[in-house]
Structures are given as C-alpha cells and as structure tokens.
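Me: I am new to this structure and would love a close look at one part of it. Could you walk me through it in a friendly way?
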Amino acid sequence: MLGVCYYPEHWPENMWARDAQRMRDLGLSYVRIGEFAWGRVEKSEGAFTWEWMDRAIDTLGTAGLKVVLGTPTATPPKWLCEKYPDILPVDIETGLRRGFGSRRHYDFSSKTYLAQAERISAAMAQRYGSHPYVAGWQTDNELCCHDTTLSASPAARDAFRLWCAKRYGTIDALNDAWGNVFWSMEYDSFDQIDLPFFTVCETNPAHRLAFRRFASDQVVRFHDVMIAAIRAHAGKEQWVTHNIIPPATTGVDNAALTQGLDFVSYDNYPLGFSDQLMAKAPAADWQPFMRTGHPDLAALNFDTVRGLSKGAWWVMEQQPGPVNWAPHNPRPAPGMIRHWSLQAFAHGAACVAYFRWRQVPFAQEQMHAGLLRPDDHPSPAWPEVEQVAREMAQLGDLSEAAAKAPVALLVDTASAFVDDIERQGAGYRYPAVVFQYYCALRALGVDVDILSAGQASLAGYRLIVAPTLAMPDDAVMQRLRASDGLLFFGPRSGAKTQEFSISEGLPPGPLREFVPAKIIAVETLRPDCTELLNYQGECFTSGRWRETIEVDEAEIIASYEDGSPAAIRSGRTTYVATLTDDAFLKSLLVRLCAEADIAVTPLPSTLRLRRRGGMTFAFNLAAEPVHVPAPDGANFILGGQLVEPFGVSVWR
Amino acid sequence: MLGVCYYPEHWPENMWARDAQRMRDLGLSYVRIGEFAWGRVEKSEGAFTWEWMDRAIDTLGTAGLKVVLGTPTATPPKWLCEKYPDILPVDIETGLRRGFGSRRHYDFSSKTYLAQAERISAAMAQRYGSHPYVAGWQTDNELCCHDTTLSASPAARDAFRLWCAKRYGTIDALNDAWGNVFWSMEYDSFDQIDLPFFTVCETNPAHRLAFRRFASDQVVRFHDVMIAAIRAHAGKEQWVTHNIIPPATTGVDNAALTQGLDFVSYDNYPLGFSDQLMAKAPAADWQPFMRTGHPDLAALNFDTVRGLSKGAWWVMEQQPGPVNWAPHNPRPAPGMIRHWSLQAFAHGAACVAYFRWRQVPFAQEQMHAGLLRPDDHPSPAWPEVEQVAREMAQLGDLSEAAAKAPVALLVDTASAFVDDIERQGAGYRYPAVVFQYYCALRALGVDVDILSAGQASLAGYRLIVAPTLAMPDDAVMQRLRASDGLLFFGPRSGAKTQEFSISEGLPPGPLREFVPAKIIAVETLRPDCTELLNYQGECFTSGRWRETIEVDEAEIIASYEDGSPAAIRSGRTTYVATLTDDAFLKSLLVRLCAEADIAVTPLPSTLRLRRRGGMTFAFNLAAEPVHVPAPDGANFILGGQLVEPFGVSVWR
Amino acid sequence: MLGVCYYPEHWPENMWARDAQRMRDLGLSYVRIGEFAWGRVEKSEGAFTWEWMDRAIDTLGTAGLKVVLGTPTATPPKWLCEKYPDILPVDIETGLRRGFGSRRHYDFSSKTYLAQAERISAAMAQRYGSHPYVAGWQTDNELCCHDTTLSASPAARDAFRLWCAKRYGTIDALNDAWGNVFWSMEYDSFDQIDLPFFTVCETNPAHRLAFRRFASDQVVRFHDVMIAAIRAHAGKEQWVTHNIIPPATTGVDNAALTQGLDFVSYDNYPLGFSDQLMAKAPAADWQPFMRTGHPDLAALNFDTVRGLSKGAWWVMEQQPGPVNWAPHNPRPAPGMIRHWSLQAFAHGAACVAYFRWRQVPFAQEQMHAGLLRPDDHPSPAWPEVEQVAREMAQLGDLSEAAAKAPVALLVDTASAFVDDIERQGAGYRYPAVVFQYYCALRALGVDVDILSAGQASLAGYRLIVAPTLAMPDDAVMQRLRASDGLLFFGPRSGAKTQEFSISEGLPPGPLREFVPAKIIAVETLRPDCTELLNYQGECFTSGRWRETIEVDEAEIIASYEDGSPAAIRSGRTTYVATLTDDAFLKSLLVRLCAEADIAVTPLPSTLRLRRRGGMTFAFNLAAEPVHVPAPDGANFILGGQLVEPFGVSVWR
C-alpha cells in the first residue's frame, strides 16, 4: 500500500477535494494528517475548533482514502507555552531554556506537559475514535529528534531523584552501586543528586548511565501515556503507530519505546542521512552514492524497524526529492523514489507513505520536495510513484510480515550508552561498529534481522551476530542460552555490569559462558594506525579497539602481529577481540555462513539483494545496468537479468 | 589627498606640535581624531573636559591640517555602563550580557543608549560645529564590527515586537505572511513574539528574515540619529562620513546605512582579510599573496564603497604595516603601502588616511603598525607615503568622482539574508558567489561598478551582472526594466518572495519577465563533487548549487551532463542555473563583453587594471617585474612598460 | 625507591593486609593514600571518622611500608558543597557554576573554601603529624588540572579588585599602567573592574595579564595555606610535596607554587600526553611512538620538575598500562614501564610510585590500568616493576640530587602568559617553541637543566638557552648578568614591559644589554608558508614568527631571503629573530656546544641519553635493538652495547 502526508491546514479549503481525488488517482490508500495542527484545533485551553478537521477528514475519506491521524504533541502552541512555561526543556550545553518557535519544545519530565499532551491526545481520540475514515493513529512526531531526549531542567532533576530513589531504595545502595566512594562522590540523600552536567570534569559513568536510563524511561513513559490516551477512546480497529527517527539516534530503549504500538513506522531520508554519515569520506567514495544514499543505510534502518515492529511496518515518510536539512541536499537519481519504495517493501514494509503531498512554499520546510511542486504540478517523483502503484499489483499481497532471516544481528541501547559514556577510544563508535558488521553481511547478499538484544527470541537463527554486547543482562543471557545458531561476538562484549563497572572476573563477564577467555587489557588506537591481523594465513588489519585476551580452552583463529590471540572459537561461539578491516569480517562471515548453511552471494558495492514472500529483489545503485545473480530459469516479476541504472529486478 | 588617524590623548601634550608638523611635512592634509575619546571628554554625565581636545585641534589646525572629528559612541565609558546597565547587548550564542572592557558594548535597541549617544554627539557638534579647523565628522567607528548587529537583549525583543506590529498591522497578517500555520507557530498577539534564538531547532525563516531586517533598521535608525545630531549643530561646510567595515560583513542594508552621509569611508586592511578569506587555501595558493593580499579583495571593497558613496569616497584607515588581529599577520611586501594607496585612488578614492600615525605601545592594538614606530622613528611605510605624496601631484586632481564603469555588478542585502537564513547547501555562500563573479570580471581587465540592487539606477551600463538576486522587490524590478544593457543572472535569483516564501509560480518569480523559465528543483552538492557542464562544445564544471529548469521559449546555451538546460538566453538576458568553475564564467563573460562592446584584457593572477580620469592604472602583485598591456605610444605618468615588483604603472 | 598509590577505601578491609604484603614483596617502599577520601573521613562538618584510616595506615606500616598522606582538598564532599555553595567555581566560557559530581569543584578565591580546606588539612595533620608510619604529605592533588586556575565567580572578581588595589595603589596608577586611555577603558575606582570575560571583543592585554597573575597568586596562596596547615602539626621529619601536572599546563607560576615544598612530585603519563601532543601528526610520524610516547616529552617534564624541586624529586604517579582519558589509549610497548621508571631515575628522581595498585572496576577511572588487574592478578606491568626493583640495587644509591647539566634552558610563566594573551600569530605557541629547542638539545645527546628564569642561579652553566624570554624583570636581568655561559635567546625575547606594553625603546628592551639590536617589526606567517634562512652557507627555513632587526654592533650570523639579519652574535650572546626548522637549531647548537666545550652526541629519533651519578643511561624507543654510543671499555651496569627494543643500557 501507498500513502502520503498531507497538511490540509496549509492549503485553501477549496483545494482539498481535488487533492484527495488526485491522491486516489495516483494509487494512494492512506493519508496522514494532523500531527502539527494543535494551534489550529485548540485556540486556547479548551477552545476546540475541530470543524475544519472534520471537513478535511470527510473530504479525504469521501474520496476513498483512509486517514492516519497524528496527535499534535510535537508542537505545543504559544498560548500553552506562555501559560505553562515549565513545559520547556533546558539545553544541556548552555543551561538555557529552549523556547517556542520551532518544534519539540517540551520537556519529557514536565508533569504539566504530560497532562496537557495526554489531554489533547484524548480529546482528539474522543472526537475521531469512532470515525469510519480514521484507520489509525500516529503518536506525536519523531520523538527525540533534535536532541530532545536529554534536558537539564529542574523538572528533569526532580524526576531523576525520584527515579533513583525507586531504583536503588536507599542512598547507600546507590552509592555502592555507582562506586561513589571514588573521589568522595557519596551522597547522604537522594535530594542531593544533580544532573550529570556542568561539572569540572567527567562525572561518574554510573551516574550518567542512570541518567540515560532515566531519560529513556521518561520518553517511554510519556509515549505510553499518549498511547493509552488514544486507546482509551479509539475504536478497536484503529491501530496506533509512531514514526521513529533512525533508531540509533533516539538515545532511548527503542524496544521499550515501541512496545505499546500496533506496529512501528519509519521516516526514510536516505540522502540526508548518507550525506551526514559520509561527511568525511573522500569525494571519490561519496560521489557515486550522493544521489542514491549509502547502499546499506536505509536497509539498516528498515531491518531495525522491522525488528522493533515484530511484523509488518510502515514507511510513514518517504523522501520524494531533495530535502532541506542536510549539509548538502542532492536530488535523488532518476528512479530512486521507486527504488527506495520497492526496497522498503522488500524489507517487509506494509505501506510506504510519501512526505509530503505538495511542497509547501513557506516556513521551515519550503525547500523539502513533495509529490507535487509548490505550483501544483507533479514533481519528478510523481511518475515513479505511479510506477510503484502499478508494480504493487504485480508483487501481490505484501500485508503479511516478512519471513525470518537466517542471520540475526543483535543491537542494544545499553551498548550505545556504554559507548557514549565511556569514550575509551575516539575510533570506537558503537553505531559505526554495528554498521560495519551489517554492511559486511549485506555485501555477502545475506538477509539480516536486526533484533533488540533484550527483547527478541533468537530461536531459529542460524547465525547470531552481536557486534558489541557491552552489558548483557539476565534476559539477554537467557535468550543466548536458548538460541541454537552460531554465535559471533565482537569486541567490548560483556565489558560492563548493569551498574557500569568492569564485569565480574573481567570481561566478557557473563558471556564467559560462551567465550572461555578473559579480556585482561584494552587498548585503543588512532584509526589511521592499524596493525596486522593474521587469519587463515592471510593478512588483514586490526585497529581502533584491541583487547588482550587470556584464553582458556578455545581455538585461536586469528592473531595479532605479536602472535597473541585476536579471535577465538569455542563450541558454536566466535569472539573477535578487535575491530578490523571489512575484508576480515567478510572472510570470517563467509566461513560462518558456510558452516551454518547460509547461502552467500558476494556483491559489488552497488548491488544489493533482499528476499520477501518467495521473491528475490535486486537493487542496482549504479548508474550502469548490471546483471543480477538470478538463477537460470528465474521468473522475473519486475525487470530482468539486466537491471537498469538505479533499477530493481524481482524474481521468484 | 592623504591623511592619518591620530590619538592625541595617547601621547604627552608636548609631542603634539612636532607630530603635527611632521604630518604636514609628510604631505598629509587630514587628521582624524576623537572617535574613542568619550572617557576623556566627559568624566561623568555632563562633566565635560573639552579643553584638551580644543588644544589638540588648535595644534593640528595651526600646523595646516584639517581635522576629521570622530564622535566617540563606539566606546561608552565605564561610568555610563554602570549608570545605565541596560545599554549592554546580549550574546546570541550564550545569552550572556556582553560587558565593558573592550569596545562596541552597546545595544542598538537600547533607548537609553540612543539618547546618550545622541547627547554626546550633539555636545561634540555643538562645541566644534563651527570650528574652522574641523573639516568634517566621522560617526561612531566601524558600526557592526565584532558581530554587534544582532543582540538577544530584552530591549531588542521589545523593539522587535513593535517593529513587527508596525510592519504587519495585525497579528493575523504576520501569521499569514510568515506561514505560521506550519508547526503550530501562530501567535495571538505581537507580545508573544520572541527573538529567533535558543529554540530546539531552526525557527521560521520568515521570522529570522524579519529579525534581520529589524536589526538592520535598528542600526540604520541609530546611525541616522547620530548623523542628525551632528548636522543639527555642524556647519554647512562640514561633511559627515562613516568608516565602514567590509560591507558584506555588516549584516545590515548598507545602502540605507550610508544614505544620510555626505560620502562613505572604508577601512582597508588587505592582509588580515585575505588571511581569513584564504584560510583553507593550500600554501601554494596563499604564499604568493600573503604579503600583498588577494588580488581582488581590496578592489571588491573599494568598488562596493564607491557604489555606496555615489561619488568620491575615502579610505579612512589604510593598513601601514603588519596588523594584530588576523590569525597570521605578515608584513606587507615592499611597496605595498604605496600600491594600496594608488589602488584606492584608481578605484575612485578622494583621500587615503593611514591608521595610525604612531604605533601605540600599550593596550589592545600595540602590535598594529603605524607610520611611526613606537620609538618615534619612521616605520617602513613612511618612505612609501612620501612617494605617494609626491606622485599625487603627478596624477593631478582626483577630487571628482570616478567615471561609470561599463559593467554593473548588483549586490543586495536580501540575498545575503536569504543565504544566511536558508543554508540549503554548505557550498553556497552568497559573498563567495559575488566574489567569484567579481574576480572573473577583474581577471578580464574590466572595470566594474558594484551597486546595491535596490538603490542605484542601471541606466548606461552595457552589462549588468547579478550573481544572485534572491528576493527582488518592485524597486529592483523597475530598475531592471529601465536598464538597457545585457542582463546576466546567477542561480537562486528570484528564489523568494518578500516574506521568504518560494516565489509565486516558482522561481525566478518576478524575474520570469526576463528569464522565461521555471526552476522546478534545486539540488546542492558537496563542493568537491562537481559534474560536467557543456558550453560551446567545451567541458566546464558545475557544482555546489544546481537548479533543474523548465524552459519556455529561450535558447539553451549550456547544459548539464544529462543534457538538460543549465544556462539559457532570452533576449538580452542570460540565466545560469548553477554555480560553476571560474573558467566557464570567464568564457561566458568574454562573449557577453564582446556583444556589449566592452574591451576585455585577460590578465594573469598577479596583474590588475583599473581606469580613472582618463588614466589606466596597472597593479603588479608579483615579486617579479611584468610588462603591462599599455598601448603603443602610451604616455606613462608613473612607471613604465615594465612595472617593478609590487609596483604600479599609470598611463594615458 | 619505588612506591604505589593505593585507595584502601575502595577495597574490603580484609584485603588490606595481603595488599600491603604484596607491595613489600614487590619491592615497594612507599604507599600514597588519602587524597580523595574527604567524604570518608568527615561525614558532616566536624564529624570525623579517622578510625578506618588509622587501621589502613597501621596495616601498611606494619608491613614495612612508609605512608604518603594526601590531604583530600581536591574533592570536597557533597555536604560541604551544599552548606557552602559559594565554594564552587564559575566556568569562564559559559558563565555557569561548575558543580559537584567529579573533582576540583572549588574556587581558589573562595574564602569559605580556603578556610574549609585549611581546616581539613590541619585536622589530618593533627591526627597523623606524629604518626611513625607517615613519612610525608601530599597537598591536594594535581592543582589546576581540568582548567581550574581561572574562574569567573563573584569571589574571583572581588578578590581581583583587592589584588589590583594592592598592586597599583591608586586607580590612576592602574589606568596608566594598563594604558586604559585606549578605547575609553579608564576606571574611576577599583570597584569598577570586571573580570576579562564576556566582552564584545578582546580586553586589554594588561588587564588579562593582571588577571592571570592574580589567578596564579590565588593558587599559590591557597597552596601555601595548605602547606602551612600541614607543617603546623606535622613532625619535622615528615616532608611535604605536591604532585604537579605537566608544569606548562598549570597556568600559574610553578616556581612560586612549589617553593614551600620539600620537594616536587610529578605525575607521569607519557602516552596520553603524547597522543594529545601529536594529535595532528601524520600516522607515519605517530605510529612509531604511540606505545612509547614522544621521545622527549616525559624527559621535558622530568627536567622541568627537577628544576622546580631544586634537587631530588619524585614521580608520584607513573602510568602502568593503558589509561582512560586521552583520545586514544594504547598499551605501553613491552618494557616501557621499566623504561619510564629508569628514565625518571636517570633524570634525577628519588622515587617512582605507580598509579595505581589495583585497577578499580568502578567509577571514572575504571579503564585506567594498575599494577594489579581488577581480578587481583598481576597486570603486564608487574614483572617490569619487579625488574626495576632488582635493578635499583645495581644502580646504587640514587638519593642524592642529580648533578648540574652543562646547559640551562630558561622557561618562565610570563612568556606563557604573553603568548596566551597576545596571539599575534597562530603558529607561535610558547610551549611548542620551548619544546622545539629542548628536543634539538636532546637530539644532540646533551643533558639539560630546565630552570624558571626568575628563580634559579645561572652560575656554572656553560650554555644558557632561552627559547623566549618575553618579559624579563630585574631579577632575571640580574641572573643573566651574573651568569658566565654563552647566552642564546630566541625570538620575542624582551618583547614586553612588566605591564604588557612594548618594551621601552623597542624590544628586546632590557635585553639590549646583551643583544645590541632593535626589533623594528614583527610578522607572523602560516606554519605551512616557510621561507629560506641562510646560515653558514647552508639553506634552512624560517617561518611562523619573523622579526625585522636593526643591528648596532653585532655579527650577523644568519639572514633572511632578502639578506636582512635573522640571527646575530655579540660577545657571548646569540639572538635568533625567527622560528626555524629543527635542522637550523641543531646546527647552531652544535657550534655553540663546541664553543662551550660541551660534548655532543647526535642521536637518532629513537635513542636518548641521560647521565646521572657517573652513569650514562641510554634509552631505546625503537622496536629494534640498537647500538649505544658507549665508549670502548664502558662498564655496563644494565644492558650492553646492543640495547634491546624499548630497553635501557647503563654504563659507567
């Protein structure tokens, strides 16, 4: 299914009906509205003006569209900010209030805002909870975007103290857990705890971990209240979703954040995110992808969101042309709108909605393309969407969830927190490590499920890869024990206890159950200072993060320049104690896949594969046509053996 | 004429007479004093101590010098800051008050300061308005320097609200104009409007544009009050000027700022500004110019100031040796003080005054050279000034304004605001685009007038070049219509309405009258990722900013790699839809000049030409002698066919 | 002697006795404790809990260890911060209070904190001043670390005003001294003086110099009060020391700071400091040293601390493995713990204490190695310390101070202040200039004493090198006059008066007594834009800082590209007016050493020499063995002619 994001309040009412008809004609089924419209539905506290929204929904529904209704809590109006100034967050760098004038200007710890946001969400759900044209709900918008997870407000401080009291019970327990004896950091009461900002040097990592967990909990609590407010009034057939930003950038436990939803949606902006990702890449590396995006970045987020969604998921916002917010904003290469849409479906999406219907000529996003130009003519994306609409029919029913992949890639918020808090080496960044592992698997043509380590069952996966599992808790350990695939852990796994100490008996701590070794030292190196890594008689490189390991009974499968172990194998488990080059990762993964009976298809950097519903999708990111690795006698549903530039072929 | 900047208050009174005599002996006519002396002429409110200044003026005047008197409003003394703390501005990054201890510590929106500054200006004008030795006045000093145009003070906020009320009349009109329906940004009253700082993400560009216009108006209003205070008491023969910093760096409408002046002055520091401009240039590119400055940078500012001045203009401060404020401060190459002085005259200056008479051994500027060393001996600049004084006689009368150039380069504050506010691509910076176009013209040996788009008549120009004219208003449109030369617009022209929306019917909006096309998409690229541009069968490069254009009836004169139009010609108008390499610009300009019957002289990077009063000046920036492109039989007034290193030749 | 840093409060009491025994068994003599334990010895004001510390000291002493007791003033506990919030410093960038939660959260100008810190120091000294196991005291910990010298607090402002009143007597005298007539900066009273922060542009350098001197005085005063509080109660045989950070980074007058101590200690972290020092070095330059540290960096600090200590000195904290605070934290190369230990002894240390006994698994420093791993097993450093303990016996008694070196390198705080305050060229950094000169001498195999210019006698030095002596006062001048060695001054020497004006009669001001020349101009260049320097018929390079000199009667020994003088010789004095490449410095130093009859041994970059007690130590930083330049028949005490990778040879 296809959809679009629409802002009736931005356009004269006499344009609505024609817009709705054109949406239908284009082959769209869903239209999302409302998520920034608070100022237009409530003019002052309690003074609701739903009528225009009634008419908008009726117009859209009458035309045959299903409406996704966004609750407008991402943009509290000015009157609300003036009446309740304590809703505003405080910048953690400057200590200044972050004021009205853009969006997301609210503090997740403000009780006032929680109540107000619950009130408007409930009011909207009351009005439209049984509306026949409203298919479902989107909570808020892009939670945590613009670095809003953390706030240095008095509200956050007070809530954090309560959170600590609840978690630790007594201040002595907290002091013990955090190791506050160090540097005389012990507290006498919970009321003495400050936020971990504005100190002379770094605060206790356990303090920062607690604050990050707290902040995550605050966002989840806020979101859960919003979901509940909607569900309290919404019809049973109305679902609730949220459009998440790239999960690695929320700074919260995304599994918890999305748990209460019917499914998860994702806002897909491949070019801008790739421009940021590859900002320091040489031009020769970046230029081939500047109009397609990095070949694995959208896929990474698709697979992550599918994992969070536990089934079908949506692209709620699909970039339809140049955007406005990256340092550089190229136009997508011809065909890429279709390419990205089909890619989302291949990775399990049930619906792709484009953002936005018509480019708005005013305000912050006026340089963000739409399906229509500001002058109401179709933009270059239009015919591509027409093509996708036609091709959906050829692909058949895509409403069921994608099948399980052979490989599970485990990610977790804790590992990200560990990295953010303990920057032991500037060359180690958890998201980059995850991405390197993911890219290696994707370059081998393997389908991957990305799972939150603490949440998902690992049963049935033939290969389970954890690029880093820094702080595995009991729940994770149980899942690992219950798994039956090959296990592959990257460095820093098992590094920390739940309260940010070095693991009992040294890392990998509890993972020693699988990895019979001790990490007796860690060193970090400048990324440009790599060293040799010996594996299977070949030379690769090791760098950035290097652990010295004391091995009990395990096979040493790779070694450092000085002959000491760099990777070991014990039973079904492989542990690699260092970051490496891509070549080593691929070489090792090829062997593990062979062992796990997972078919591997080494691919050039501009070709990617993904399977769904018995079909294999091949995505060509090159400006040249390329032959796809389809078997003889493949039945092509879209395209053929030779896939056009930026094109897609699909076969059974 | 020549002059110098002098601070009698810095030196023992018994040195004054000798100083004055030496100034005369050196050939100087003017001496500027007083612009930082508030603390010495008013010891507490109303307690004036003019007597020393009386004596200083008498001493200078008696020696035959004409005095330029600076009003001291750039440095309110400590007693004033303590008595009226609301005069201090607020930093827009930190929210902190910017305090006493340097200079320019006042808020353009402070009513208190406006009154105090008017009071001291009037008092000074009353005392010296009929003084026979006082030839004229300089208002304040380097308005807007040190990023002082914008302030986040309560005074600025309150004044901005009033400004908005005046401009928009009703809050609904403002909401409509800004598109505040977006993100629920609508206000209920003008009292709700905050300054566009300290928000979560970017504010409405229309909001920021309004604030930039307001801030510009505040500076202009302040300056106009200062001018009026002087004129109210000054003799009719006393003129009023202001020493402007590089106009592109004021952040205000320079045409409005300077409108009330008799003429405009400029402070010329070629080395420091070039060090900043070329900070990221490779050493091989920078080293040839580190002691001369960029060959076109001083010229750009000279031509800009001449345009603002609408006739003769002054260099009020000419760098006489190394300065103290750039990241690196080389000494000028031998001869460059003379070179820059003659260059100013060639570009239309009536007077060049050196900053400063004697290097002061204390306080902030002790490492800034003077004509005299701190030990009272002549600095290396001294004999060069002696030479200039001699050569002035040979050049004849330079009091009349320079003749109109064949080419007009249009600049405007609005285009700079658009760029500052909407950073659609990191590779597009309006001042750099203007500079690239200017350099291309100068490298062809063509004289250029730089005009404020909204102010100057375009009649008589054979070629009118607007590197970007982002937001042309009715006044600009009228001038364009009334012009009769060839028109050449660069990309982003006509991009926005007056309230920062995308132009009606797509860009170039009103310019479609000249450019029969629509800009249907914009993309921005990393500067190191260029692509081919086809023009006249040759390959050039396009990058940074690229527009997709839909052409009505026009000739396509250049095209992108994919064959789509990149530059078009219609009637007398050329539109180039992308930023390009220098070679393309020069190639195109050579053709347009030929068509417009403008003589072109392609020059090496170290040679520049400029004509004035029937004379042609050739400036050699190389460390080697070079032959100048003088016609056979040229009558050399200074130098000859072979111009010495860093030298100047002048011929008729 | 060897020692270790230990935190009994971090470990269960039942581990203490075994720890103590193992320390003795390892060959350690000293154990430092207590310096962060305030929270554990005083639970609220006056509620002391010394008993655990009594037991810890008894346990250690009983095992045969001597205790060094640290006063815990670097970490005021939370109850104290709450009771006396005025003790907290204020950040000079943000204006925000720097709060509790890490360490060093106190303001040197807080009278409250001064009294509290004196109180706890006295209380501890009272309790342990006659304890037989307590050998001595360490004041505070790493004073000035984490940029704590400067604070923008009201306490600092008030104290600064009093300091100014005391120094200048009358406000007119201050105005005159600072040159406040410039920019109307004159004050009417001392109460008007603000801290030199948060202004529009730069403040008067004299103002900033006064503030830097004041801040230095505040730290010294604080420290002197601490020393006095200890001495008032400590036994006569108990000494007092302080563990200083790299002296160039304190921002205070280190000679004054350490004057009241019995000897000075240094915390030696070669890898982290080298990673920072060489952060921008190409990988090829950095990689050979990433596990050894820069070959001259630890030595520089050793020699500096020996100069401050006026005799024997200690390493109080020696890095025993990877640390946790640098951007990258490699493990030391095998043998480097021994290497660094022996290096400290060669440079005059009396004791080397390792930081820390056992790696602590919690809080901020959990990734900082110890002699023991967190699991209580020996870390890789352990056997190296065992080796050092054995070798100490072979080296004999090292308790007497190291002999005077033939070369004195003069450093001074004033030159550092001048550089910090007047950034005339981004390529001139005083610490880098000192380091370049030091490295040149060390690469010639020459022993160097580093002396505070204003404090130490220069008698007996055959060569006295001052890389820059920017602001020599009468005391320095007297010492220079009283010296009898060759003098060698680098550029910027004699640049400023004591109140930050250009020196009387131009630089080198008072040094003209030795350097018969005037610096008539200074230019600064981009570091990558060097020019030729002619010396002895060979070509070297000059750059970054270049002075034009007018020479009276002196020999010109090097000249710039244009033939003007770049270095001169007069009597026993050499003046080099520019920064140069290393090759020139070495070439000149070889000649000066020859003239001064100082033996020179040019060394490769990975080999360094140092003499002590009749022994020559050779340090190999290479991963290859190397032949040492020992004379025939040398008597090897450690190692031999061929020194192993990262090894040390010692001969008589």
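How many salt bridges count between domain 1 of chain A and domain 3 of chain A?

Reply: Happy to help! This is a predicted model, where local features need pLDDT of at least 70, side-chain atom pairs count only at pLDDT 80 or more, and totals for chains, interfaces and linings use all residues. Residues are numbered from 1 along each chain as its sequence is written, chains are lettered from A and ligands numbered from 1 in the order in which they are written, and side-chain values use heavy atoms, leaving out hydrogens and water.

To your question: the count between domain 1 of chain A and domain 3 of chain A is two salt bridges (a side-chain nitrogen of Lys or Arg within 4 Å of a carboxyl oxygen of Asp or Glu). A salt bridge at 3.5 Å, N to O, joins the side chains of Arg338(A) and Glu644(A).

Now for the two domains themselves. Chain A has domain 1 at 2-150 + 219-395, domain 2 at 407-595 and domain 3 at 607-651, with bounds from an automatic or database domain assignment. The centres of domain 1 of chain A and domain 3 of chain A, taken over C-alpha atoms, are 30 Å apart. Their contact (heavy atoms within 4.5 Å) takes 23 residues from domain 1 of chain A and 16 residues from domain 3 of chain A.

Together, domain 1 of chain A and domain 3 of chain A bury about 1,600 Å², with 62% of it on carbon and sulfur atoms; buried area is the accessible area (1.4 Å probe) that two parts lose on being put together, summed over both. On the domain 1 side of chain A, the residues that lose the most area to domain 3 of chain A are His339(A), Ala346(A) and Leu395(A), together 34% of what that side buries.
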